[in-house]
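Work through the exercises below with the sequence and the model open side by side. Try each task before you read its solution.

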Amino acid sequence: MKAAAAFVAKHGKPARAVVENIGRKGARVVLVGHDGAMGDVLVPSPALGERLVEKVRDLEAAEWDRETVEAAKIGHAHRVKMGGRARG
């Protein structure tokens with residue numbers, strides 16, 4: 001909860017949170033700050049992710065809808081990291 005609250009404090013309010021089930025490992029709560037920054041928090045279950053969103057002030061539950069996707073500002077470094085390396 002502290003990490004999510006710190007993210008909101010650093011990246012503006014309101015911030016959005018999308019809870020994603022990642023199977024046996026639990027859930028990933030993807031955070032999108034008011035400034036477009038992205039972050040995440042891993043929790044043991046989707047239910048705990050939803051509770052986290054409810055408890056953190058100025059954190060709003062969201063889905064990957066048009067508004068949330070447009071709010072996220074994904075920089076070049078993040079795109080490279082998520083894309084992996086291409087081999088020729």
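The exercises go from the overall fold to single residues, and the model is a predicted one.

**Exercise 1. Fold inventory**

Task: State how many helices and strands the protein chain has, and give their pattern along the sequence.

Solution:
1. Count the elements. The protein chain holds 4 helices and 4 strands.
2. Read them in sequence order. The pattern is α-β-β-β-α-β-α-α.
3. Add the bulk values. Of the 88 residues in the protein chain, 31% are buried. The exposed area is about 6400 Å², and carbon and sulfur atoms supply 52% of it.
4. Check the contact range. Take contacts between residues at least 6 apart in sequence: 50% of them join residues at least 24 apart.

**Exercise 2. The sheet**

Task: Find the strand order, and explain which strands stand at the edges.

Solution:
1. Order the strands. The 4 strands form an open sheet, 3-2-1-4, with mixed pairing.
2. Look for single partners. Strand 3 and strand 4 (59-61) have a single partner strand each, so one side of each is left without a neighbour in the sheet.
3. Take the twist. Neighbouring strands are turned by 30° against each other on average, direction ignored.
4. Inspect one pair. Strand 1 and strand 2 are antiparallel, over 6 bridges. Ala-17 has Leu-31 in strand 2 as its bridge partner.
5. Recall the chemistry. Strands of a sheet pair through backbone hydrogen bonds, either parallel or antiparallel.

**Exercise 3. Two helices on the sheet**

Task: For helix 1 and helix 2, identify the buried residues and decide how they are arranged around each axis.

Solution:
1. Start with helix 1. Its buried residues are Ala-4, Phe-7, Val-8 and His-11.
2. Look down the axis of helix 1. These residues fall within an arc of 95°, so they line one face.
3. Turn helix 1 around. The face away from the buried side carries the exposed residues Lys-2, Ala-9 and Lys-10.
4. Find the cover. The buried residues of helix 1 are covered by elements including strand 1, strand 2, strand 3, helix 2 and strand 4.
5. Repeat for helix 2. Gly-49, Leu-52 and Val-53 are its buried residues. Seen down the axis of helix 2, they fall within an arc of 95°, so they line one face.
6. Check the other side of helix 2. Glu-54 and Lys-55 are exposed there.
7. Apply the helix rule. An α-helix has 3.6 residues a turn, so residues three or four places apart point the same way.
8. Place helix 2 on the strands. Helix 2 lies across strand 1, strand 2, strand 3 and strand 4, at about 170° to strand 1. Its buried residues pack against those strands and helix 1.

**Exercise 4. The nonpolar core**

Task: Which residues of the largest nonpolar core touch the most other members?

Solution:
1. Take the core as a set. It has 15 residues.
2. Pick the best-connected members. Ala-4, Ala-17, Val-29, Leu-31, Val-56 and Leu-59 touch the most other members.
3. Map the contributors. Helix 1 (2-11), strand 1 (15-21), strand 2 (27-32), strand 3 (38-43) and helix 2 (46-55) give two or more residues each.
4. Zoom in on Ala-17. Leave out residues up to four places away in sequence. Ala-17 then touches Val-29, Val-30, Leu-31, Val-53, Leu-59, Glu-60, Ala-61 and Ala-62.

**Exercise 5. Buried or exposed?**

Task: Classify His-11, Asn-21 and Asp-58 by relative accessibility.

Solution:
1. Set the cut-offs. Buried is under 20%, exposed is over 50%, and partly exposed is in between.
2. Take His-11, in helix 1. At 16%, His-11 is buried. Its contacts beyond four places in sequence are Gly-33, His-34, Asp-35 and Ala-37.
3. Take Asn-21, in strand 1. At 55%, Asn-21 is exposed. Beyond four places in sequence, Asn-21 touches Gly-26, Ala-27 and Pro-46.
4. Take Asp-58, in the loop between helix 2 and strand 4. At 30%, Asp-58 is partly exposed.

**Exercise 6. Backbone exceptions**

Task: Where is the cis peptide bond, and which residue has a positive phi although it is not a glycine?

Solution:
1. Recall the background. Most residues other than glycine have a negative phi, and most peptide bonds are trans.
2. Scan omega. Lys-13 and Pro-14 are joined by a cis peptide bond, with omega about -5°. Pro-14 sits in the loop between helix 1 and strand 1.
3. Scan phi. Asp-58 has a positive phi of about 65° and is not a glycine.
4. Note a glycine too. Gly-12, which follows helix 1, has a positive phi near 95°.

Methods:
Residues are numbered from 1 along each chain as its sequence is written. This is a predicted model: local features need pLDDT of at least 70, side-chain atom pairs count only at pLDDT 80 or more; totals for chains, interfaces and linings use all residues. Side-chain values use heavy atoms; hydrogens and water are left out. A nonpolar core is a set of buried Ala, Val, Leu, Ile, Met, Phe, Trp, Tyr and Cys residues joined through side-chain atoms within 4.5 Å. Buried means under 20% relative accessible area, exposed over 50%, partly exposed in between (1.4 Å probe, protein chains only). Contact means heavy atoms within 4.5 Å. Two strands pair if DSSP finds at least two bridges between them. Axes are lines fitted to C-alpha atoms, for helices over the stretch in contact, and angles run from 0 to 180 degrees between N-to-C directions. Accessible areas come from the Shrake-Rupley method with a 1.4 Å probe; for residues, only the protein chains shown count as cover. The arc is that of the directions from the helix axis to the C-beta atoms.
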